[in-house]
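Here is a briefing to read beside the model. Keep the sequence and the 3D view open as you go.

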Amino acid sequence: MLRQGLLQSNVTRLGLVERVLSSSFTSVACLVFLFINGVMMFTLRSKPVFRETSRYILLFHLLLADTLQMTISQTLYLMYAFRIIITYPQCGVLVMLANLTNDISPLVLVVMSLERYVAVCHPLRHASIITVRNTGAAVLAVWIFSLLQVLTVVLILLNFPFDELESLQMPEQCGSASMILLPVSDHYRTAYTIFLFTLASLVIVCSYIGVMVAARSASTDKESAHKAQKTLLLHLLQLGLTVLSALYNTTLMFFARVTSWVTFIRMQSFMFVCFFFMPRCMGSLIYGLRDQTIRAVLKYYFCCTIKVSVAPVKAVLVS
């Protein structure tokens, strides 16, 4: 009995250490990526040229959705790691916000792809079609469409007999899977996700083909068309990276069956960063670094931020 009690105590202590280590790893990674996104968002609001150009406005909203998604995902991860139990309404709000921001990203990528298509294939009409006002209307439509999808999920969830439960306290940690209380909710979410990413893929691919065809025309600016092709390929890559988050649970279940518990916990935190954080930061960062206008300002702000953070450290060392 004593030996069994000591073994159970060691396992519990090991579990706590692993949870703290994995949470620290994901938290540091989250802060790094949030810092990068924050600097980029500040950059895109710092100059009139960014605030008055459609593609930069769209990039800002893409970063905003991705930043909110990372924040909510990390919150849910920490609650899961430390076994924090909340009520169904509280969990529902967090999960719905996560779904909202997750759905906005591919839709913004669709609008960004169409903007590049118009810029190359209809350059004379680009200034009249892609205005700041029309861009704002497109962004508003994206948010409203995503919000309506979330409200549809909420209406489906309201059919669950919550009044028959003894308490609204959840029996397990909050997560997307724990809020799938009815089969129809799972079917709807799966069908919508497939529809959304199929639509986004088709629009980006068709835009790429249109730009590629236009590039062969003698009247088209070859350099502009070549850049647009690379940008559309980047959007397709961003979309593919976003799909990775949908494969997270499936990949996690596979490793849970073939690895030990300690290895699984370590793999879980690593995959969480790769599947949720990196796609939400690296694609937009590459987009920004490719753009000469953004790159110059971004480099300036990154250097200034690093100098400001290093200066107090030097002062302490000197004193």
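The points below cover the cores, one helix, the cysteines and the salt bridges.

This is a predicted model. Its largest nonpolar core has 72 residues. A search of the whole structure finds one disulfide and three salt bridges.

**Nonpolar cores**

- Phe33, Leu44, Leu59, Met112, Cys174 and Phe277 have the most contacts inside the largest core.
- Helix 3, residues 54–81, supplies the largest share of this core, with 13 residues.
- A separate core of seven residues lies apart from the largest one, and includes Val120, Ala215, Ala225 and Leu232.
- Leucine 59 is in contact with Leu44, Met112, Ser284, Tyr287 and Ile294, leaving aside neighbours within four places in sequence.
- In soluble globular proteins, nonpolar side chains tend to be buried together.

**Helix 3**

- Helix 3 has 28 residues.
- From first C-alpha to last, helix 3 reaches 41 Å, close to the 40 Å expected at 1.5 Å a residue.
- Helix 3 is mostly covered, with 21 of its 28 residues buried.
- Arginine 83 follows helix 3 and has a positive phi, near 55°.

**Cysteines and the disulfide**

- Cysteine 91 pairs with cysteine 174 in a disulfide, and their sulfur atoms are 2.0 Å apart.
- The torsion about this S-S bond is about 85°, so the disulfide is right-handed.
- The disulfide links distant parts of the chain, as its two cysteines are 83 residues apart.
- Cysteine 91 sits in helix 4, residues 88–121.
- Cysteine 174 sits in the loop between helix 6 (132–157) and helix 7 (183–215).
- Cysteine 91 has 0% relative accessibility, so it counts as buried.
- Cysteine 174 also counts as buried, at 4% relative accessibility.
- Cysteine 174 is one of the residues with the most contacts inside the largest core.
- Is cysteine 30 buried or exposed? At 4% relative accessibility, cysteine 30 counts as buried.
- Cysteine 121 has 21% relative accessibility and counts as partly exposed, because buried means under 20%.

**Salt bridge between helix 10 and helix 3**

- Arginine 280 forms a salt bridge with aspartate 66, and the closest N and O atoms are 3.1 Å apart.
- Arginine 280 lies in helix 10 (residues 261–290) and aspartate 66 in helix 3, so the pair ties together parts that are 214 residues apart in sequence.
- Both partners are covered: arginine 280 counts as buried at 2% relative accessibility, and aspartate 66 is buried with a relative accessible area of 4%.

**Salt bridge between helix 4 and helix 7**

- Aspartate 103 forms a salt bridge with arginine 189, with the closest N and O atoms 3.1 Å apart.
- Aspartate 103 belongs to helix 4 and arginine 189 to helix 7, so this pair ties together parts that are 86 residues apart in sequence.
- Aspartate 103 is buried, with a relative accessible area of 2%.
- Arginine 189 has 18% relative accessibility and counts as buried, because the cut-off is under 20%.

**Salt bridge between residues 115 and 116**

- Arginine 116 forms a salt bridge with glutamate 115, and the closest N and O atoms are 2.8 Å apart.
- Arginine 116 and glutamate 115 are both buried.

Methods
Residues numbered from 1 in each chain as written. Predicted model: local features only at pLDDT ≥ 70, side-chain atom pairs only at ≥ 80, totals over all residues. Heavy atoms only, no water. Core = buried A, V, L, I, M, F, W, Y, C linked by side-chain atoms within 4.5 Å. Buried < 20%, exposed > 50% of the residue type's maximum accessible area, 1.4 Å probe, protein only. Helix = DSSP H or I, 4+ residues; strand = E, 2+ residues; numbered from the N terminus. Contact = heavy atoms within 4.5 Å. Disulfide = S-S within 2.5 Å. Expected span 1.5 Å × (residues − 1). Salt bridge = Lys/Arg side-chain N within 4 Å of Asp/Glu carboxyl O.
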